[in-house]
Amino acid sequence: MTFSIFPKAKSPILARCRDDYVTKMRHRYAPYYHALEAQKGTNIKLDGRDMIMLSSNDYLGLSFHPKVIEAGREALLKWGTSTTGARPSNGSRRYHLELEEKLAVFLGREACHVHSAGYLSCMSAIASFAQKGDVILADKNIHSCLWDGIRLSNASVERFSHNNPDDLRTVLTTLNTPAPKFVVVEGVYSMEGHICRLPEITEIAEAHDCFTILDDAHGFGVLGREGRGTIDHFGLNEGVDVVCGSLSKALASTGGFVAGSRDVIEYLRSHSKQTIFSAALCPSQAAVAIASLEVMQTEPEHHERLWSNTRKYRAMLKHLGLDLWESETPAVPIVLGSKERVYPFWKALLDKGIFTVMSIAPAVPAGKDLIRTAISAMHTDEQLERIAEAMAYAVKKL
Ligand SMILES: Cc1ncc(COP(=O)(O)O)c(C=O)c1O
């Protein structure tokens, strides 16, 4: 190797990594990447201290359900650890078909396809269908995976105000284009906890011949009969062409799904890069999702407990005068408005043994800096009392 006095071409990139402001701040305040030492449901251990998890998406609390654990264990023994391949080649197994059939029936769709991450599914739900020349109308607060799907598709994009059907109508009317059009929304907005105004949005989308894609990652298991999601919550039969979501929230697994008509899902199987070039969902993940789906339909107590906990929790936060951004679901943000207020609040909760996650602009709109909390069916009354005491303490610290 020759020695050169000239800077190597890669050095600007190494300098970019070394000098990155965001990474430096993350190391200084250490709000993220906490590695838990132990977990049993909502009881966790961090740095030798027993704490309560208040930020997970384990809405129904099924991640420690004995039937769900046993299903994962059995699948590991039967099928091994991994498919080590993509679905079109060597990665397809009968358990994928079983999960897909069960999810399709549960969601009232003809077909479904699963991936090894919800992120991949939701990207794929857009990037497989949209192409250059198409127009995508997107709620401005949708999740990063949906924006990535939009970018990959090369379609042009128009944003409409968050959960605002009137603005969607205005944008569509102003556009007035014969190009194929898509509307992309979430069922439950994960940061805000807002339920999508789906009846009005789908009515407008239909009137303008739009293909509608709904990411129901946080509505699935939470809203609707037995947790069938946002479409079921509103009793809608039509208007949504594709539903995508995650297996890593109410279903207590890891992975994601895209569901729709048979033609649409078969098209995805032919065109989705996230499907064709990524290893298939592993046996234990699929078995856990199948078992959780079964529990959702046979043990309604988890859903009931989730909502009674959510009502108690919201009342407690409102009593303390906190701004919950009008959340209507178990995803409950505590809006504090600036990072200078978010950090001490988050730290006070941590000091009192409550684990939460902070989210600051630009991850949330400016002025909406918040603590993201989420309630689980597994939270006990005693834990809710400890959470109430910690919240009162954190409010005093503001
Ligand atoms: C709305 C939404 N869609 C998709 C995803 C991606 O799901 P996963 O974490 O299973 O990859 C998330 C995860 O946070 C989400 O909140």
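**Entry 1: the N-terminal hairpins**

I started at the hairpin of strand 2 and strand 3, where two residues lie between the strands and Asp47 takes a positive phi near 50°. I kept in mind throughout that this is a predicted model. Strand 2 and strand 3 (residues 49-53) are antiparallel, and I found four bridges between them. Leu46 has Arg49 of strand 3 as its bridge partner.

Then I stepped back to strand 1. Strand 1 (residues 38-40) runs antiparallel to strand 2 (residues 43-46), with three bridges joining the two. Here I noted Lys40, which stands opposite Asn43 in strand 2. Strand 1 and strand 2 also form a hairpin with two residues between them, and in its turn Gly41 has a positive phi of about 65°.

**Entry 2: the ligand shell**

Next I asked myself which residues come nearest to the ligand. Out of 14 around the ligand, they are Gly118, Tyr119, Ala217, Ser246 and Ser248. I also looked up which helix gives the most to this shell: helix 6 (residues 118-127) does, with three residues. Sorting the shell by class gave me seven polar, five nonpolar and two charged residues.

**Entry 3: the three-stranded sheet**

Further along the chain I traced an open sheet of three strands, in the order 11-14-13 and with antiparallel pairing. Strand 11 (331-335) and strand 13 (357-359) are the edge strands, each pairing on one side only. From one strand to the next, the twist averages 35°.

I checked the pairing of strand 11 with strand 14 (residues 370-374) too: the two run antiparallel and are joined by five bridges. Val335 has its bridge partner in strand 14, and that partner is Leu370. What lies across strand 13 and strand 14? I found helix 15 (residues 339-351) there, running at about 40° to strand 14.

**Entry 4: helix 14 against helix 16**

My last stop was a helix pair. Helix 14 (residues 301-319) packs with helix 16 (residues 381-397) at an angle of about 20°, and their axes are 10 Å apart. Angles under 35 degrees count as roughly parallel, so I wrote down helix 14 and helix 16 as roughly parallel to each other. Their crossing is right-handed.

I listed who makes the contact: helix 14 brings Asn309, Lys312, Tyr313, Met316 and Leu317, while helix 16 brings Leu384, Ala388 and Met391. By class, this contact of helix 14 with helix 16 has six nonpolar residues, one polar and one charged.

Methods:
Residues are numbered from 1 along each chain as its sequence is written. This is a predicted model: local features need pLDDT of at least 70, side-chain atom pairs count only at pLDDT 80 or more; totals for chains, interfaces and linings use all residues. Axes are lines fitted to C-alpha atoms, for helices over the stretch in contact, and angles run from 0 to 180 degrees between N-to-C directions. Angles under 35 degrees count as roughly parallel, over 145 as roughly antiparallel, 65 to 115 as roughly perpendicular and the rest as oblique. A crossing is left-handed if the near helix is turned anticlockwise from the far one by less than a right angle, and right-handed if clockwise. Two residues are in contact if their C-beta atoms, placed from the backbone, lie within 7 Å. Ala, Val, Leu, Ile, Met, Phe, Trp, Tyr, Cys and Pro count as nonpolar, Asp, Glu, Lys and Arg as charged, and the others, Gly among them, as polar. A residue is near a molecule or strand if its C-beta atom, placed from the backbone, lies within 6 Å of it. Two strands pair if DSSP finds at least two bridges between them.
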